[in-house]
Each structure stands twice: as structure tokens, then as C-alpha cells.
Amino acid sequence: MNANAGRPSSSHWGAFRAQLDDDALTVTPHELDAHPSPLLGNMSEAHDHPARVLHPMVRRGWLEGGPGAGSARGNDEFVRVDWPDLTAILATELERVITTYGNAAIFGGSYGWGSAGRFHHPQSQVHRFLNTIGGYTGSVNTYSTGASSVILPHVLGPDVDAVHGLTSWSVLAEHTTMILAFGGLPAKNMQVAPGGITRHRSEASLRRIVDNGTTIVVVSPMRTDCPDGPDVRWCPINPGTDVAMMLALAWVLITGQLHDAEFLNTRCTGYEQLEAYILGHTDGVPKNPHWAEEITGVASSDIYALATQMAANRTFVSVTWSLQRAEHGEQPPWAAIALAAVLGQIGTPGGGFGHGYGSMGDVGVPRLPGPLPTLPQGDNPVDAFIPVARISDMLLHPGAPFEYNGGTYHYPHARLVYWCGGNPFHHHQHISRLRRAMATPDTVVVHEPYWTATAKHADIVVPSATFLERSDIGASRSDPCLIAMHQVCDPPGDVRTDYETFAELADALGAGCFFTEGNSERKWLHQMYEVWRSQSSIHGADLPSFEDFWSAGHVELPGGPDDHIMLYDFVRDPENAPLRTPSGRIELTSATIASFSYDDCPGHPSWLPPTSGTTAAYPLVLVTSQPAHRLHSQLDMGITSRRSKIDGREPLLMHPNDATARGITPGCVVLITSEQGSCLAGAVLTTDIKPGCVRLSTGAWYDPLNPQDVDSPCSHGNVNTLTRDRGTSRLAQGCTGQLVGVEVRLHQGRVPAMRAHRPPSGARGHAHLETPPL
Ligand SMILES: Nc1nc2c(c(=O)[nH]1)N[C@H]1C(S)=C(S)[C@@H](COP(=O)(O)OP(=O)(O)OC[C@H]3O[C@@H](n4cnc5c(=O)[nH]c(N)nc54)[C@H](O)[C@@H]3O)O[C@H]1N2
Ligand SMILES: Nc1nc2c(c(=O)[nH]1)N[C@H]1C(S)=C(S)[C@@H](COP(=O)(O)OP(=O)(O)OC[C@H]3O[C@@H](n4cnc5c(=O)[nH]c(N)nc54)[C@H](O)[C@@H]3O)O[C@H]1N2
Ligand SMILES: [Mo]
């Protein structure tokens, strides 16, 4: 196929062209992308996989017994129904729930990464639909940055988007001489960005920095969290202890008179309290390198040397998002800002603090100056909400109070859970607890292209078209290119787009005209584009008409300036460009947070030991991480993802010392256990991991050995069978899935067959039910 053959389209892992010939899908990188992601390789096989949901399906127990709580979810057969019946069933059930309990009884948060495309964006579709019928209980924040997105507005003000790295890669490449990289700068994660990337550039920017002699200190349990280079050094650290190291670095700077008193006194507030804490005046514990060595496993001599080196360099303190996806996850980004403030380099070219570098492809990349084409979602009149990762708590404890960011709220009683474009059996912690929680509502509705574990645990499964089977506009906040996503093929079986499903359902509920506004897909695309085009002209862009854009296949947009330095204006002129914090300055101590009196998130950055960790029974720290070979759970049955597996299981990285002590050899199947549950995995031995730590990526589809048993081990390696379901703190209540104490043993006996990618009983998949060999 030549470079420009196939229809243009886009995904979260990049723009591409695709073509269907004799049922074979060929995907080629978009001609504009010089560094395409290998994740494109998952698409051909997944497209036509037996795991596709081909027809509307209803769980037999629900169909025959009606709505109601029960443990049969995930353990029942499905019955195929036709579309008119499905629409009638859904309409009747939504009406029943709304009339009996009110709209707050519909949980429609529907968190997840769905697919790229501005019109068919599944969350926008489901939220718009639910809003036209009176609203829903929603969720706030993300699994990605649950802690940071709540703490950082207190520290830097609500309009500094420090979560998404505000200093440009190009500034780092030119000016930074040292990067202290907590969590490293893993290139694997920069393949993706929400909405897509036309030209992958972040990895090349990182390569430039690695090659130009910048000293990079990779503070991480994994050596591979940064590409190799002459000045890249690995500083192995005990996971979850970074704050202790940051405080000790600050202690060395302060006691060595290497701190910037002027910066601390004129750009920050609350330094005195923080200093008293670091020096040990408030609690009698000086946070010195000796103290930190015990906690972090980093030699005190290294901490002294690093602090001195930081003061002698233009130093960037970088923190990946992973650090805040753990208990007390509010502390690492706050402590890193405090460390950068002590150094006094915030606002200088290449110095200061950065968050999310190596976490996402669009971090450190200029934002587009204007808006994106957007499907209006309408207004949600329901006030009830949950912090996104409190889903099981809500379902298990309706009416119970919870604290969040200074307020006390109550969990609503959700009778109907509606998911469209997300996979809670991928993203949520402690799956056996989630299964118990998902047994409580009257009805669970899931729109899905695939038989994920979430679909298998639903009552009503609505078959969704993929992004190859519909037309859309591909755009994202940092990508200076709009892609005309041309439909590549028709949906298989009885599959429809989420929009078509909601349009018919809204019609049945008497709200059709509000949902569709009388528009077809094509009319929506035209309208969204033209509204956006007129808004963009305000920003000086001269853009083609919709028809010209559509036939050209893409349009280039003016990008934002590529020389951004976080807090530059504020640091230069704090009087005239104050931050929107209570003090107008960087809040090293926050009177607001202190006033909440949270022992798990006090008024200044603090070392708070985790309430759970390793124990004699679970002596290894399991680090979960984003999978290099897929996006979350998506297209796990694709060839790139399957090739990464060991005997069909998710690979578990282990240090040879830990493996030998347990009789584990490379390639064998192991059983991982934690206080919460267990799963199988395939052992990979490497000295790139700190002894005492093991690593398993997220995203292997949950595959219970015995579906009837809620506590059954997963035969495939779903990391969330092991993790604990607890909020970061009362402040943010964010996801803490990153770390958990585990034990690993050789799996005894026969290795069970894998069923993760097979449809459930009763679902008519394709004729070929076996996954083809690698
Ligand atoms: N232990 C642990 N857990 C974690 C994390 C961790 O580090 N450790 N990371 C967390 C993070 S950061 C995130 S963002 C989450 C990710 O969690 P999710 O975003 O929920 O995971 P995905 O696998 O991307 O799920 C998206 C689902 O949408 C479906 N889909 C795709 N297109 C469409 C469509 O057009 N319509 C419909 N209806 N569905 C569609 C896909 O098939 C897929 O099942 O996981 C979180 N969970
Ligand atoms: N290929 C691919 N890329 C992705 C995704 C994907 O699914 N696949 N998901 C995307 C999404 S939604 C998100 S939110 C981002 C998430 O981005 P992150 O949360 O930053 O990603 P992770 O891979 O979980 O973690 C990055 C590294 O942090 C290290 N680490 C973990 N815990 C600790 C700790 O306590 N201390 C230190 N010092 N290091 C630690 C791990 O070794 C890990 O490799 O990734 C995005 N990028
Ligand atoms: Mo995420």
C-alpha cells in the first residue's frame, strides 16, 4: 500500500490511514507522523476479533427476573435481543428509575478513555443524552491525576495548569543542565495523548535532552524509566517514599545555606512553617539525609551530593503522575514544588518544577491558542457527585458521608449504572470489592465494542461501533492538526454508533429532538466544524470550509508558542502578576488546607508513612504501570499487546535475586497474591528493577478462574485484582492503584486456559472462536 492509500483517521495513539480489503484491515501511520506508535499494530487483529459485541444482549437473569440487585452479574448467560426490544427495555428501565427515585439514582459518570473523535466521544454522548432526560450523578477528576488536580490549585492557584507540564520541552533542551526525574521520563507513555497526536515529537525532544549532555537522575524503582544516555544515572528508590527524599534534599540546601531566601520570602508564603518542619523544630525529627536513607533506600551520601549538584546547575525537578496515584498522593507534587522553591529556580528558563513529563505525549507541548470543535453536553441539574475513584464506596455505602476538599457530602443511592466509553474492570482497584459493589444496583448498562469484563458484568450490553466504523473529527488540545476521520468500513452485525443508540432512546423517551436537534452525523460534523471555524478566526486562523477540510483529510492549525516557562510572569513581577491563591504567592503552607484539619493531608508538604505497605506475608512492593504495548485495556487482543505476554499472561518484572529466592525462573507462570486478591502472570527477570520491587502493567483483561467466585484469582494478570481501594486522602480522594504489597510464588499445577478475550456464554461471536497463533 502506498503512503497515502487508505482513509485518514485518528486514535489516542496517533493518526493513521486504514483500508479494508477482503475483510483484512491494513493500518499505516499517517504520512505526517515521522515517529508513529507501535500501538497502531494492535488494530488489524482487534478489528474483527471474536471478542466484538455484535448484537444487543441482555443478561438472562435480568431479562427473566427484572431489575434488581444480585450476584449473577459476571456469571450468567446473555440473550440476544433485537434493537426495537432493546430500546424499549432501556426506555422502560430509565423511566422507572427516574420516576421512582429521581435522576440522581442514575450513575452516569462513565469514566474512561473511549475513543478519539470530537463528535462520537462516548462520554460527551452519554452525558448529553442523560442531560436531555433530566441529568445524572457524575464523577469529578480522573484516575490519571486525581490528587494533583485537587492539591495544585491550592498551591499555585486554579488557573495554573501545572498538572500538564507548563514548560516547553524546547526550553528544557536549551537551558536545563540537570533534571531530577522522580518516576523518570518513560518514553513508553508518550505514545498517547487524549484525542490523538498527528506528529509524535515528545520522544524526540527527550532524546535531544538525553543526547545533549543534560544530567538526568532517574529516581525510580525502574532503570528503564528513561532512555539510556551518557549522563543518565539511575537512583533506585523504594516506591512511595519520594517525599522523604525531597525533604532531605531541601534539608541539605537549607542547612548548607544553598537555599534562595529571597525567592522564598517574596514569591512564597508559609516557608517558615515548612522550614521548621524540615529542620525538625516542630516534631523533633530533622528530615536529613540520614533520616531519609532509612525510608527511601537512597544512601545519605548520594542525597548530599545530589543536593549540592542541584544548586550548582539549572535544575528541573520533574515528577511523573504515577507518584500521586498512591496513598497521600497529594504530597509528592507539593513537596517537589517546595524543593524547587527552596532552590529558587521556579520561573527561570529550564529550572523549577514540572509534572507529567514522561506521563503523556502532550505534556510540555504547546497548547493550541483556540478551542476545539465540541459537542455541547447541555446542563446537568443533578448536584450529586463522587470523586471518580470512589465508585465502589458509593455503591456499597449509599447515603454514607464522605469528605472531599474541605466539604462533607453523601453518596447517592445509585440504582442504575450507565457506562459508555470506559472500563471500570480495567481501571478500578480491588476487583473483588468492585464485583460486590456492581452487584448492588438494579441495573447495569454498558455500551461497548468488545466483550470486556465490564460488559460481561452488565445486564444490558449495547454494541458500539468503533472509530473505524463512523465519521468524526480528530482533534486534541495540543495537536496542531485536525484530522478528518473518514469511516473505513461498516459496523459488523447489528452494531450501531453510540449516537444512533442514544438518538433512538431519546426519541422513545420523548426527548429525541433535544438530543439530536434534528441532525444526522454528517450535519453534526459540519456544524461542529463551522462553529469552531468561526471561533478560531478570532484567534487569527484562516481555515478552509468543512467540505474542503473533509476532502483534504486534515487541516494544519497555528500552534501555540513553543517557549513556555511555567510561572515566568509571576516570578518576574509578583505584585502585578500574582497567583490566584489566597496569598497571591506559591503556598508552601496553605492556611486553607490546614483549616480542613485532615491528618492525612496537613497544611504543608509532609512525609506521611503509608498505612499499608509490605508485610511479612506480602514482602514485595508491586508497582503497577501503564502498559508499553497498548493503551490501558484497549485492543489487548492485538498482536503488539499479545507479543508482550508470557504464555498468554501479563509479564511480571522481577529482580533475579527475588526470583531465585522463590525458585522462579524466566518464563514460568507465577501466582501473585496480596491482601486483596490474586492473579497469575508470566515471570520476566531483569536487573533493571530494584530488588524488593516487582512490576506488572495495567490492562490485562480480568479473567476469573471461576466466574462464580467473586474472590477468584485472575488467570491473565489483571493488576487490579491485587490493589487496594482507598482514596489518596480526605482532600482529593484520588486513585491509589500504583502500589501494593504482594508475594509471588511459582504457579503449581496445570496452567489454566485463557478466556479473557472470548465472548461470554450466549453471545454469538464470529465463527472462528479461537485466537489465532502469534
Ligand atoms: N492499578 C492501577 N489502576 C489504574 C491505573 C494505574 O496506574 N494502576 N491507571 C489509571 C488510569 S491513569 C486510567 S486513565 C484508567 C484507564 O481506564 P479506562 O479509560 O476505563 O480504560 P480503557 O481500557 O481505555 O477503557 C476504555 C473502554 O472504552 C471502550 N471504547 C472505545 N471506543 C468506544 C466507543 O466509541 N464507544 C464505547 N461505548 N466504548 C468505547 C474500549 O473498548 C474500552 O473498553 O485506569 C486507571 N487504573
Ligand atoms: N503506552 C501507554 N502510554 C500511556 C498509557 C497507556 O495505557 N499506555 N496511559 C496514559 C495515561 S491515561 C496516563 S494517566 C499516563 C500515566 O502516566 P504515569 O502515571 O506517569 O505512568 P506509569 O507508567 O504508571 O508510571 C511511570 C513510572 O513511574 C515509576 N514509579 C511508580 N511508582 C513510583 C514511586 O513511588 N516512586 C518513583 N520514584 N517512581 C515510581 C514507575 O517505574 C513507572 O514506570 O500514561 C499515559 N500513557
Ligand atoms: Mo490516565
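How far is a nitrogen atom of ligand 2 from an N or O atom in the side chain of Asp-242? In this predicted model, the separation is 2.7 Å. Taken by itself, ligand 2 exposes 920 Å², and the protein buries 99% of that area. Two other side chains offer polar atoms to this ligand. Asp-225 places a polar side-chain atom 2.5 Å from an oxygen atom of ligand 2, while a polar side-chain atom of Gln-191 lies 3.5 Å from a nitrogen atom of ligand 2.

A wider view takes in the whole shell. Ligand 2 is surrounded by 35 residues, and the closest of them are Lys-188, Asp-225, Gly-240, Asp-242 and Ser-359. Sorted by class, this shell holds 15 nonpolar, 14 polar and 6 charged residues. Strand β24, covering residues 620-625, gives the most to the shell, with 3 residues. On the scale of domains, at least three residues of the shell around ligand 2 come from each of domain 3 (148-364 + 567-592) and domain 4 (620-746).

Ligand 1 can be described in the same steps. Its surroundings comprise 36 residues, with His-427, Glu-448, Asp-498, Ser-633 and Gln-634 being the closest. A polar side-chain atom of His-427 lies 2.7 Å from an oxygen atom of ligand 1, and for Gln-634 a polar side-chain atom is likewise found 2.7 Å from an oxygen atom of the ligand. The backbone takes part as well: a polar backbone atom of Gly-421 is 3.4 Å from a nitrogen atom of ligand 1. Of the 920 Å² that ligand 1 exposes when taken alone, the protein buries 97%.

The shell around ligand 1 divides into 9 nonpolar, 23 polar and 4 charged residues. Helix α15 (424-427) and strand β18 (443-448) each supply at least two residues of this shell. Domain 2 (57-133 + 374-477 + 481-556) and domain 4 (620-746) each provide at least three.

Finally, the database annotation can be set beside the fold. An unreviewed UniProt entry lists residues 9-45 as "domain: Molybdopterin oxidoreductase N-terminal". Over residues 9-45 the chain is 8% helix and 46% strand, and the C-alpha atoms at the two ends are 17 Å apart. The unreviewed entry also lists residues 52-507 as "domain: Molybdopterin oxidoreductase". Along residues 52-507, helix accounts for 34% and strand for 15% of the chain, with 27 Å between the end C-alpha atoms.

Definitions and conventions. Residues are numbered from 1 along each chain as its sequence is written. Chains are lettered from A and ligands numbered from 1 in the order in which they are written. This is a predicted model: local features need pLDDT of at least 70, side-chain atom pairs count only at pLDDT 80 or more; totals for chains, interfaces and linings use all residues. Side-chain values use heavy atoms; hydrogens and water are left out. A residue is near a molecule or strand if one of its heavy atoms lies within 4 Å of it. A polar contact is a pair of N or O atoms within 3.5 Å; within protein, one must be able to donate a hydrogen and the other to accept it, and residues adjacent in sequence count only if both atoms are side-chain atoms. Accessible areas come from the Shrake-Rupley method with a 1.4 Å probe; for residues, only the protein chains shown count as cover. Helices (H or I, at least four residues) and strands (E, at least two) are DSSP runs, numbered from the N terminus. Ala, Val, Leu, Ile, Met, Phe, Trp, Tyr, Cys and Pro count as nonpolar, Asp, Glu, Lys and Arg as charged, and the others, Gly among them, as polar. Domain bounds come from an automatic or database domain assignment. UniProt positions are given in the numbering used here, feature names are shortened, and annotations may be inferred rather than shown by experiment.
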